[in-house]
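Student: I've got a structure to look through and I'm not sure where to begin. Can we go through it together?
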Amino acid sequence: MTGVEDLLCPADGLHEEWFEDGILIWDETRALLHHLDLRAALVWSLLDGRSLGQAAAELAQELGAAPGVVQQDVLTLGRRLRSRGLLRPCDA
Amino acid sequence: MVGTLVYGRHGHLFEVSAPEPLRTRIRTALATLRAPGAEPVGRYALTLRQREWHLRWDDEPVGSRPDPDGALLLLHWHINQRTIATSSQARTTVHAALAQSPAGEGVLLAAPMESGKTTTVTGLLRAGWDFLTDEAAALDPDGTAWAYPKPLTLDRGSWRLFPELDPGDVAPAALSWLVPATRTGARVVPSTQVRMVVLPAYRGGEPTRHERVPPSQAALVLAQSAFHLDRHGARDLGCVSALARSVPTYRLVVGDLAEAVQAISELAARPEVAA
């Protein structure tokens, strides 16, 4: 299980295409295409060496939202992205 | 040989040999795929043995069918497979129909099988549009799209809409007509600039309607329509993403062919689409 403090980085072999309404990511290693909506794309953009906890705190500040609620959403999304192979521990 | 004519596009260039009367049917069906002056890379041979039509590609057996209609469809299927394979190696190639409006706007109709691509594009051709393909469009990242003018494959469900296109030599039990697009009166053009993407979905009895598709959703559908995405994923995603950013995409529910043709014609004339 990915913890709040684990530092996460994008997996290798990903090709991103950004749009005004989301991102498409091609995973070359697994030959899989992923679509993230705008909200997920915002979280994705923060997970470049930060932990889920750090990303949630930054996002809550940026959105002016309650940190607890944002943290739960970011945790759920981050774990989902990790299970799909899009994120890896930065030290791996 | 069928008069030693060469046919094909995208590197799959071939000759065909067959006895009459199948030879004439092939020559008619493949008329828009002729490639004068091109060097063939191989040869199809259709022969009748023991009441079966046998198809070979060079020295490799492809398959056999008990009737000439089936043999023609088998030939057509193999040409499609090979052409899409060679096209995909060179360019992003998507499962789509492609036509050009009388004013010169290329419209890509991307959809899976049985979504009404061929029926819709045939309706456009009858309304004066130019033809590029009803099956596979090869794309450049700058929005140029290249033709694969194979015969229109009109399935039984569409025959009543195009009685004037009945080839006249197809058995009543056949699955499809193979009709050269020029029989609609359309011109075949080698390439076009895509100005609009349409995602058609046939829903008989429903009102014909359209809605704008956000660009990431449009790119997702186009990427999923790419042949051999697994082999060329990064290239193909980049190509369809550039297209989805630069031209509008509309989802079109097709309840009636005439209404769909009118809707696409009106969309193609909008300022954000028109050249």
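Student: Let's start with chain B. What percentage of its 275 residues is buried?

Tutor: Keep in mind that this is a predicted model. A residue counts as buried when its relative accessible area is under 20%. In chain B, with its 275 residues, the buried share is 55%.

Student: And what percentage of the 92 residues in chain A is buried?

Tutor: The cut-off stays at under 20% relative accessible area. Chain A has 92 residues, and the buried part of them comes to 41%.

Student: What radius of gyration does chain B have, next to that of a compact globule?

Tutor: Let's begin with its extent: the C-alpha trace spans about 55 × 40 × 30 Å along the principal axes of chain B. For 275 residues, a compact globule would come out near 19 Å. Chain B agrees with that, because its own radius of gyration is 19 Å.

Student: Now chain A: what is its radius of gyration?

Tutor: Its C-alpha trace spans about 35 × 30 × 15 Å along the principal axes. A compact globule of 92 residues would have a value near 12 Å, and chain A agrees with this. The radius of gyration of chain A is 13 Å.

Student: How many helices and strands does chain A have, and in what order do the elements run?

Tutor: Chain A has three helices and five strands. Read from the N terminus, the order is β-β-β-β-α-α-α-β.

Student: How many helices and strands are there in chain B?

Tutor: Some of these elements will come up again, such as helix 2, which covers residues 68–90 of chain B, and strand 10, which covers residues 144–146. The full tally for chain B is six helices and 15 strands.

Student: In chain B, what share of the contacts between residues at least 6 apart joins residues at least 24 apart?

Tutor: Chain A gives 53% for residues 24 or more positions apart, among its contacts with a separation of 6 or more. For chain B, the share is 68%.

Student: Is B:His78 buried or exposed?

Tutor: B:His78 sits in helix 2 of chain B. Beyond its neighbours within four places in sequence, it touches B:Tyr44, B:Trp57 and B:Val62. Its relative accessible area is 8%, so B:His78 is buried.

Student: Which side chain makes a polar contact with the side chain of B:Trp146?

Tutor: B:Trp146 belongs to strand 10 of chain B and is partly exposed, at 28% relative accessibility. Its contacts outside the four nearest places in sequence include B:His10, B:Arg91, B:Leu98 and B:Asp140. B:Leu98 is 48 residues away in sequence, with 8.9 Å between the C-alpha atoms. The polar contact, at 3.0 Å, is with the side chain of B:Asp140.

Student: What relative accessibility does B:Ala181 have?

Tutor: You'll find B:Ala181 in the loop between strand 12 and strand 13 of chain B. Leaving out neighbours within four places, B:Ala181 is in contact with B:Thr32, B:Leu125, B:Phe131, B:Leu152 and B:Ala186. It counts as buried, because its relative accessibility is 0%.

Student: Let's put the chains together. How much area do chain B and chain A bury between them?

Tutor: The size of an interface is often given as the accessible area lost when the parts come together. Here 17 residues from chain B and 14 residues from chain A take part in the contact. Carbon and sulfur atoms hold 72% of the buried area, and the total is about 1200 Å².

Student: Which residues of chain B lose the most area to chain A?

Tutor: Together they make up 40% of what the chain B side buries. They are B:Ser216, B:Leu237 and B:Arg245.

Student: Which residue of chain A forms a salt bridge with B:Arg245?

Tutor: The count between chain B and chain A is one salt bridge. The closest N and O atoms in it are 2.7 Å apart, and the partner of B:Arg245 is A:Glu17.

Student: Which element gives the largest share of the side of chain B that touches chain A?

Tutor: Helix 4 and helix 5 of chain B are the elements that each give two or more residues to that side. The largest share is nine residues, and it comes from helix 5.

Conventions. Residues are numbered from 1 along each chain as its sequence is written. Chains are lettered from A and ligands numbered from 1 in the order in which they are written. This is a predicted model: local features need pLDDT of at least 70, side-chain atom pairs count only at pLDDT 80 or more; totals for chains, interfaces and linings use all residues. Side-chain values use heavy atoms; hydrogens and water are left out. Contact means heavy atoms within 4.5 Å. Buried area is the accessible area (1.4 Å probe) that two parts lose on being put together, summed over both. A salt bridge is a side-chain nitrogen of Lys or Arg within 4 Å of a carboxyl oxygen of Asp or Glu. Helices (H or I, at least four residues) and strands (E, at least two) are DSSP runs, numbered from the N terminus. The radius of gyration is taken over C-alpha atoms; the globule rule is 2.2 Å times the number of residues to the power 0.38. Buried means under 20% relative accessible area, exposed over 50%, partly exposed in between (1.4 Å probe, protein chains only). A polar contact is a pair of N or O atoms within 3.5 Å; within protein, one must be able to donate a hydrogen and the other to accept it, and residues adjacent in sequence count only if both atoms are side-chain atoms.
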